[in-house]
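The briefing below concerns the packing of helices and strands in the structure shown here. Please read it alongside the sequence and the coordinates.

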Amino acid sequence: MSTYPWKDTLQVSLSAGDLSTLVQKARARLHPKTCSTQDAFKACLLKAMKHVVYNGLTLHPRVTRIFAIVDARKARNMAREYFAIDPSQWLKARGKADSLTSKMTLEEKSSMVTGTFDGTCIEHIAPIKRLGFGGLCIQDGPIGLRLGDLVSVFPSGVTTAATWDRQLMALRGEAMAEEFKAKGAHVILGPVAGALGRSPYGGRNWEGFSPDPYLTGIAMGETIRAIQDTGVQATAKHLVGNEQETQRKPTLINGKMVDAVSSNIDDRTMHELYMWPFADAVHAGVSSVMCGYNRVNGTYSCENEHLINNLLKKELGFEGYVMSDFLATPPGLGPVKAGLDMNQPGPLNPLSPVDTYWGDHLVECVKNKTLSESDLNGMVRRILTPYFYLGQDKDYPSEDPSSLPLVYNGFGYPYQGPSPVGRDVRGNHSALIREIAAAGTVLLKNQGSILPLNKSLTNIGLFGNDAADPSVGTLFSDHDGIDIGTLISGGGSGSGRPSYVISPLDTFKSYAKANGKRLQYVTNNTAILSIMPGLYPWPTVCIVFLKSFATEGFDRKTLVADDNSVQVVNSIASRCPRRTVVVTHSGGPDVMPWATNPNVSAIVAAHYPGQESGNSILDVLIGKVNPSGKLPYTIAKKEEDYNGKITNITGSAAEDSSNWQSEFSEGLFIDYRHFDNKGLEPLYEFGYGLSYTTFELSSTLVVSSANKISARASPSNATLSLGGNPHLWETVIKCHVEVSNTGRVAGATVIQLYASLPKNNIPANSPVRMLRGFEKVYLEPGEAKKVSFALGRRDLSYWDVTIQDWMVPKGRIKLSVGFSSKDLRSSTTVQLVK
């Protein structure tokens with residue numbers, strides 16, 4: 001019998017508008033902290049849907065997925081310290097892993113830990129047919145199955161973070177996992193917590209979520225739980241300090257092989273910034289963690305024993321396996337001794353798929369006793385346990401037939417075999433992609449309420465090379481991106497292979513035709529700087545689309561948008577005074593020299609939206625969706641205000657490996673923490689974003705409970721300690737505030753909670769404030785709601801480098817709540833430790 005009786009009724013279509021409203025209202029009533037609110041949410045949703053149910057209609061799958069997530073979250077939020085992994089089931093899976101391992105030969109064990117690069121998947125563990133093991137198909141990446149036919153390209157990590165919406169984070173993870181599983185992929189190479197975003201110039205920042213470790217940690221946890229609830233293994237990457245692309249791996253410079261850059265990170269910064277979201281990933285039960293190409297404090301990440309064995313496996317209690325990034329395994333037994341469990345893709349070079357540092361060499365090491373067989377068994381156990389825990393040994397879909405030719409194609413190898421059409425696994429994910437992209441769109445400026453576009457407008461102008469259809473797919477672009485075409489994602493292994501792209505020009509053409517409007521457009525940036533005599537009469541409103549391409553392998557050289565963007569904006573704004581709207585597609589902060597131009601009336605940051613780019617931005621611009629995104633990073637007034645510059649050694653000095661040292665001397669001060677510390681006024685602060693309505697706090701921040709605790713958590717004897725000492729995850733403070741919609745239209749806002757630790761009782765060089773809670777709330781006009789927060793011990797601790805443990809400071813901790821890191825409306829203090 002169905003849990004929800006209406007799920008078995010006849011499916012019919014709901015209008016897009018009704019569906020969007022229903023989903024917004026549904027998610028708005030979901031509060032992830034307390035079970036009573038979960039039940040209230042379901043009751044409210046069923047009541048809201050009553051007329052639909054009585055008319056014999058069925059809820060859209062997006063709404064039913066929200067119910068499923070509510071059920072899963074309700075179960076695991078019975079207590080904050082409850083893990084996403086069931087300990088008894090995990091131990092049972094470990095027993096199955098040990099049983100299978102005991103039946104393997106040494107050669108089979110070595111094949112379990114060494115990739116087989118045969119084109120089956122981007123990375124592959126070969127089957128052991130005599131034992132019934134079907135192998136592991138491992139696929140890129142964090143925004144969708146990169147080398148797949150008929151798959152979706154989802155919004156990027158930074159776009160998802162800009163939604164500040166836990167449910168959308170989870171729904172995105174679930175939908176991606178559904179596609180990977182249907183394609184026969186056991187492991188997703190994502191989500192991404194490194195690069196965290198130390199430098200705004202980082203080429204891969206867009207793959208991750210935010211330079212704030214708390215926001216990234218929440219996004220990691222939600223994504224991982226949703227992926228693995230679907231039966232697919234998630235991979236948290238890249239461990240750790242992978243904060244620049246310049247010299248990220250060993251490189252031949254002037255004929256000399258030069259080591260990768262070393263990210264030199266002090267102990268406190270390592271714990272409070274860069275390892276923080278990995279702790280959330282481990283706490284969520286992540287199956288695997290990927291080490292990076294770079295060195296960390298002088299030692300390569302994939303053979304860094306302190307990083308892997310001490311911090312990840314021992315301190316954080318990680319139970320899964322550590323895999324190398326593609327070709328990132330150093331030679332020798334050092335990586336094995338350091339805790340690396342899987343060498344991917346296996347060979348030394350894809351052109352020579354037989355030669356490997358591992359494979360038969362590990363067999364010889366066991367035989368000559370330089371490696372114990374028990375250590376090799378432990379590596380195999382870690383790989384097999386998630387496989388059994390997630391039930392991947394039973395009735396798992398086969399690898400998609402399009403995978404093999406696409407892997408060959410992706411590496412530029414000739415493929416002589418057939419080119420079968422892939423299984424279409426996209427389902428109705430386009431609707432979710434559109435919703436996430438719109439929710440991750442941030443309204444930065446809206447003078448004169450020029451947005452949403454007035455329905456009476458009859459002459460609209462579209463400008464910029466980012467508005468048109470892409471002339472080359474993003475997967476195949478070089479490091480400079482593509483000239484003409486909307487930018488839906490960054491480049492490299494974290495990119496996607498779109499089966500289609502909806503450009504802004506596409507949707508505006510359809511919108512103009514359906515509503516009897518004139519649409520004029522110029523999508524060549526060079527032409528925009530000319531007279532453009534073909535435009536007549538001049539458009540009533542001018543929308544300029546800009547883009548900033550970022551990609552794996554290269555760091556950004558400037559934070560100004562590409563392709564003469566400043567001249568393009570100023571050219572249009574001068575001819576369209578006070579009627580110019582600028583839309584940016586970027587993977588992180590862009591400086592905006594034109595932002596204060598009085599002729600630029602509106603600015604919209606749409607990030608990397610995925611395949612539904614045009615639909616999602618049109619939804620926002622015409623008011624079909626009220627923008628609710630908030631910046632997950634800081635936009636500076638000028639580039640010089642940022643710290644964390646890219647280390648780039650030039651000349652003969654670049655030939656010396658010892659010169660490639662990236663000193664993380666800023667410590668904890670990145671992004672808004674840096675701006676706070678230096679007293680720098682940003683152009684748009686972290687957490688900022690406008691709406692078509694207005695919101696106010698209708699009460700002060702109230703602490704409803706605060707536990708009196710010791711400064712240091714007591715030891716735990718838990719069976720599993722995923723994420724570290726379980727006591728770190730226990731709630732110690734509960735507080736709440738009321739927020740109201742004081743405008744004329746319905747909308748959502750994000751209430752943000754920041755903590756300031758008492759500076760006299762914590763080490764020097766501590767942040768002024770740290771994000772420690774957020775809730776997205778949907779409100780009708782005039783409606784008010786109570787928003788509750790639960791803070792754990794870890795949230796209010798600092799890492800004591802002497803004691804080597806988390807400590808809650810004595811004194812009064814300041815809690816502040818508001819609508820951004822600079823717009824804090826109410827504060828209170830609380831003391832936990834006497």
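Helix α20 (residues 565-575) lies across β15, β17, β18 and β19 (600-605), and runs at about 175 degrees to β17; helices (H or I, at least four residues) and strands (E, at least two) are DSSP runs numbered from the N terminus, and angles run from 0 to 180 degrees between N-to-C directions, with axes as lines fitted to C-alpha atoms, for helices over the stretch in contact. This is a predicted model, in which local features need pLDDT of at least 70 and side-chain atom pairs count only at pLDDT 80 or more, while totals for chains, interfaces and linings use all residues. Residues are numbered from 1 along each chain as its sequence is written, and side-chain values use heavy atoms, with hydrogens and water left out.

**The open sheet**

- An open sheet of 6 strands follows the order β14-β19-β18-β17-β15-β16 with mixed pairing, where two strands pair if DSSP finds at least two bridges between them.
- Its edge strands, each pairing on one side only, are β14 (442-446) and β16 (518-522), and the twist averages 15 degrees from one strand to the next.
- Strands β17 (residues 541-548) and β18 (residues 580-586) run parallel and are joined by 7 bridges, with Val-544 standing opposite Val-582 in β18.
- Helix α18 (residues 504-515) also packs on the sheet, touching β15 (459-463), β16, β17 and β18, and its direction makes about 160 degrees with that of β16.

**The hairpin**

- Strands β29 (residues 812-818) and β30 (residues 824-831) run antiparallel and are joined by 7 bridges; they form a hairpin with 5 residues between them.
- Within this pairing, Thr-828 in β30 is the bridge partner of Leu-815.

**Helix pairs**

- The axes of α9 (residues 213-229) and α11 (residues 276-283) come within 8 Å and cross at roughly 25 degrees, so the two helices are roughly parallel to each other (angles under 35 degrees count as such).
- Their contact (heavy atoms within 4.5 Å) involves residues including Met-220 and Ile-224 of α9 and Trp-276 and Pro-277 of α11.
- Helices α5 (residues 87-102) and α15 (residues 373-389) pack at an angle of about 125 degrees with their axes 8 Å apart, which makes α5 oblique to α15, the class left once angles under 35, over 145 and from 65 to 115 degrees are assigned.
- Among the residues making the contact between α5 and α15 are Trp-90 and Leu-100 of α5 and Leu-384 and Phe-388 of α15.
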